[in-house]
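Here's a quick tour of a model, written for someone who would rather poke at atoms than read a brochure. Have the viewer open and follow along.

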Amino acid sequence: MRNLKLVPPPAPQTDPALPARRGRRRFLIGGVLATGALLVGWGVQPPRQRLHTADPLPVTDGAVALNGWVAIAPDGTVSVVVPRSEMGQGVHTALPMLLAEELDVPLAAVRVARAPIDKIFANVAVMRENLPFHPDDEGGVSQGANWLLAKVGRELGIMFTGGSSSVRDAWTPMREAGAVARAMLLRAAAAQWKADLADCRTEDGFVIHADGRRAGYGSLAARAAELGAEVDPEDVRLKEPGAFRLIGKPVPRVDSRIKTDGSARFGIDARPPGMVYAALKMSPVVGGKVGGFDAAQIKGMPGVIAVTDFSSALGERTGAGAGVAVVASNWWQARQAVNALTVNWHEGEHAALSSEGVFEQLARALDEESGYVYHDSGAQEVKTARRIDAEYRAPYLAHATMEPINCTAQVADGKVRLWASTQVPSIAVDVAARVAGVGREQVQIEVMLLGGGFGRRLEVDMVAQAVAVAAAPAVRGQPVQLIWTREDDTTHDVYRPAALARFRAHLDAEGNIVAWNNKSASAAIGHQYFPRNLGLPAVGPDKTTAEGEFDQQYAIENLRVEHVTVDSAVPIGYWRSVGHSHNAFFKESFLEELAHEARQDSVAYRRALLAGQPAALAVLDAAVKQAGEPAPGRAHGVALHRSFGTTVAQVAEVSVEGKDIRVHRVVCAIDCGIVVNPNIVAQQVESAVVFGLSAALGGEITLRDGRVQQSNFGDYPVVRMDRAPHVETIIMPSAAHPEGVGEPAVPPVAPAVAAALFKLTGQRLRSLPLRLA
């Protein structure tokens with residue numbers, strides 16, 4: 001059951017000032033901008049526009065495109081290009097709301113249009129998210145790096161859904177597209193009526209003259225397109241928040257009906273004519289290779305069409321790894337045949353890899369190596385008599401999306417067609433072109449709905465596999481749908497990195513934190529992701545390794561945060577909330593330990609450390625007040641964390657019976673800037689809490705003899721409906737720029753539950769998943 005609370009908003013502000021904390025923390029940049037010299041000249045040019053596509057926007061049924069984002073049909077139907085993949089986060093509702101608000105058109109008249117591959121749809125916000133700057137750092141270097149990386153993102157043109165960035169990135173360009181289109185329609189109506197432009201206004205899809213004349217957008221679109229050059233986008237002003245009529249309203253999601261009546265089409269629902277199916281067998285050992293197989297062994301089995309080795313289509317350390325696919329008339333026939341196929345494997349150098357060995361390697365790195373220092377304000381020099389040390393660890397995690405990994409591909413006549421559930425359609429097109437040996441302009445992609453992404457579908461290993469199989473001569477140009485089993489997925493994921501972190505703090509006689517040292521070790525996701533998916537080198541520190549630690553909100557005068565990057569043989573990738581997912585557990589759990597050592601209530605302890613962060617303090621207070629007192633036999637645990645620009649405080653109500661941990665209720669207060677649709681925010685909070693709780697209580701990928709030991713939901717459990725907690729969401733008032741929503745409620749779950757467990761059992765759990773002795 002949902003409990004959603006909206007706090008009344010303050011008076012609108014167009015550009016609210018951020019809390020100032022200059023000079024409090026010294027940030028070390030290192031080699032982040034090491035390649036900057038290559039950008040001299042280009043870097044000083046103004047950013048490219050994000051209003052018009054390189055090629056005219058495809059339209060049908062007499063519609064007229066007014067810019068790269070919006071087209072209007074004669075009946076007034078508005079088609080809005082949504083360049084982000086819908087994977088349950090509500091972008092097919094939230095993003096059209098942005099454009100509809102400025103266009104002054106009812107959301108019911110809006111249809112979502114497929115985005116062509118074009119650089120104006122690049123995700124610029126997510127590029128800036130990768131910079132290792134403290135969120136409160138407003139210095140010239142930070143501003144310059146943000147500006148430069150935004151330009152890099154626009155030039156690369158990567159269509160990317162992730163990093164809780166869809167609304168953040170679309171907030172300005174989609175609203176500008178709607179406002180410019182509205183200005184064009186106003187000008188068209190004024191020209192048609194030979195009237196003064198100042199006497200015309202817009203409302204609900206109509207231009208209305210002061211004398212009462214009305215003209216629908218559909219009747220004006222063609223004329224508006226002709227006069228479009230007369231509208232200078234620089235002269236168009238966006239609405240002030242106080243004028244919003246749609247943004248901020250709890251509008252029902254546009255995809256609710258199709259997802260309840262079964263008509264929604266996910267990647268696995270693609271059915272192009274003549275389609276055949278492929279099942280696969282991949283190396284059971286990390287980094288293993290195909291040693292050989294005898295295709296004749298299964299050629300006589302029912303429905304078998306082809307057997308092919310797709311290994312050469314994949315790069316290094318992909319989730320898929322080397323393997324063989326069997327193509328058959330239906331998937332069951334393909335699965336039975338591939339099960340019967342004997343493949344000899346070259347196990348390679350990682351055949352002895354184990355989880356124990358991984359953590360031993362991380363521990364050695366912490367003992368012996370210096371890390372990249374993300375923040376240092378003198379903590380090393382401070383010593384007191386009261387010193388507290390703690391070590392925390394987090395395991396590899398799989399994504400476990402509900403829709404199995406799949407991709408449908410057709411290679412025929414020098415062209416490639418893709419039907420894919422992907423978070424990165426532009427990268428999917430590039431890899432398909434590479435595998436098929438064609439130009440990217442010869443690749444057409446239909447992005448289907450995603451049955452969960454969580455970062456797994458930022459990878460394109462399944463696309464490379466499907467194209468390689470579809471290009472096999474025996475397939476004869478037929479579309480091939482490649483489907484992984486749950487076991488394939490669990491044992492061949494790109495996992496969240498395993499991590500080890502050590503903390504040391506010094507307290508004064510009153511229990512105040514005098515110094516805080518944090519040194520962690522893990523692999524760096526970017527050092528694998530960028531080479532294998534973008535062909536780019538991994539340069540400089542990877543912010544995700546230490547995010548949530550160096551950029552925490554607590555006022556600790558002497559703070560040092562460093563990270564040692566340890567290369568991983570295990571493929572790793574972006575997992576929902578990325579480094580925050582485990583660093584929040586480390587940081588918040590250690591803070592709980594310090595509060596206990598200081599003999600202070602942990603909420604009061606946090607409040608004192610947030611004295612310079614009134615917005616974060618308000619979030620904490622709202623969650624604690626709403627939670628009230630725990631029910632008899634239960635305990636409350638509290639955690640606060642900022643990620644993706646959003647601050648979240650959670651109170652988890654927990655009980656224990658034997659070793660069984662039960663989370664009954666989670667109160668979550670969230671400050672994410674201006675809210676486009678509060679219903680979607682509440683849905684994402686609920687989803688994130690359950691996702692985070694699944695990891696906190698059961699998520700763990702272990703290795704033995706180079707093999708992943710988990711295979712399905714039986715040994716990689718997720719929270720079921722009967723164990724899901726009641727989630728109450730409090731949305732804090734804000735007039736600031738929208739920030740992330742899809743991920744920020746994941747990180748606080750584990751530390752909040754761990755804090756409650758300590759109150760109930762006295763056990764200090766420093767490893768994930770949480771297990772009582």
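How many cavities of 30 Å³ or more does the structure hold? There are four of them. Keep in mind that this is a predicted model.

**The largest cavity**

The largest cavity has a volume of about 100 Å³. Its lining is made up of 14 residues, and those nearest the centre are Arg496, Ser581, Gly692, Ala695 and Ala750. Two elements, helix 17 (678-697) and helix 18 (749-761), each give two or more residues to that lining. Helix 17 gives the most, with three residues. Sorted by class, the lining has ten nonpolar residues, three polar ones and one charged one.

**Two helices side by side**

Next up are helix 10 and helix 16. Here is how they look on paper:

| Helix | Residues | Number of residues | End-to-end C-alpha distance | Expected span |
|---|---|---|---|---|
| Helix 10 | 425-436 | twelve residues | 16 Å | 16 Å |
| Helix 16 | 614-627 | 14 residues | 20 Å | 20 Å |

For helix 10, the distance between the end C-alpha atoms agrees with the 16 Å you should get at 1.5 Å a residue. Helix 16 likewise comes out close to its expected 20 Å.

What sits after each helix? Helix 10 is followed by Gly437, with a positive phi near 70°. Helix 16 is followed by Gly628, and its phi is positive too, near 65°.

Now for the buried sides. In helix 10, the buried residues are Pro425, Ser426, Ile427, Ala428, Val429, Val431, Ala432 and Ala433. They pack against strand 17 (415-420), strand 18 (443-447), helix 11 (461-470) and helix 13 (525-534).

In helix 16, the buried set is Ala616, Leu617, Val619, Leu620, Ala622, Ala623 and Ala627. The cover over these residues includes helix 15 (602-609) and four strands: strand 23 (635-643), strand 24 (646-657), strand 25 (660-671) and strand 28 (726-731).

Helix 11, one of the packing partners of helix 10, is itself mostly covered, with ten of its ten residues buried. Besides a run of Ala, Val and Met positions, its buried residues include Asp461 and Gln465.

**Two residues worth a click**

Is Asp169 buried or exposed? Asp169 counts as buried because its relative accessibility is 6%, and the cut-off for buried is under 20%. This residue is found in helix 4 (residues 166-170). Its side chain makes a polar contact of 3.0 Å with the side chain of Arg84. A polar atom of the Asp169 side chain also lies 2.8 Å from the backbone nitrogen of Val124. Setting aside neighbours within four places in sequence, Asp169 is in contact with Arg50, Arg84, Ala122, Asn123, Val124 and Ala125.

Arg187 belongs to helix 5 (residues 173-193). Arg187 counts as partly exposed, because its relative accessibility is 27%. Which residues does Arg187 touch, leaving aside those within four places in sequence? The contacts are Leu197, Leu227, Glu230 and Val231. Take Leu227: it sits 40 residues away from Arg187 along the chain, yet their C-alpha atoms are separated by 7.5 Å.

Note on methods
Residues are numbered from 1 along each chain as its sequence is written. This is a predicted model: local features need pLDDT of at least 70, side-chain atom pairs count only at pLDDT 80 or more; totals for chains, interfaces and linings use all residues. Side-chain values use heavy atoms; hydrogens and water are left out. The expected span of a helix is 1.5 Å times one less than its number of residues. Buried means under 20% relative accessible area, exposed over 50%, partly exposed in between (1.4 Å probe, protein chains only). Contact means heavy atoms within 4.5 Å. On a 1 Å grid over the protein atoms alone, a cavity is a set of points where a 1.4 Å probe fits but cannot get out, and a pocket is an open set with protein on both sides within 12 Å along at least five of seven lines; lining residues have an atom within 4 Å of a point. Grid points are joined across faces, edges and corners, and a volume is the space filled by probe spheres set on the points. Ala, Val, Leu, Ile, Met, Phe, Trp, Tyr, Cys and Pro count as nonpolar, Asp, Glu, Lys and Arg as charged, and the others, Gly among them, as polar. A polar contact is a pair of N or O atoms within 3.5 Å; within protein, one must be able to donate a hydrogen and the other to accept it, and residues adjacent in sequence count only if both atoms are side-chain atoms.
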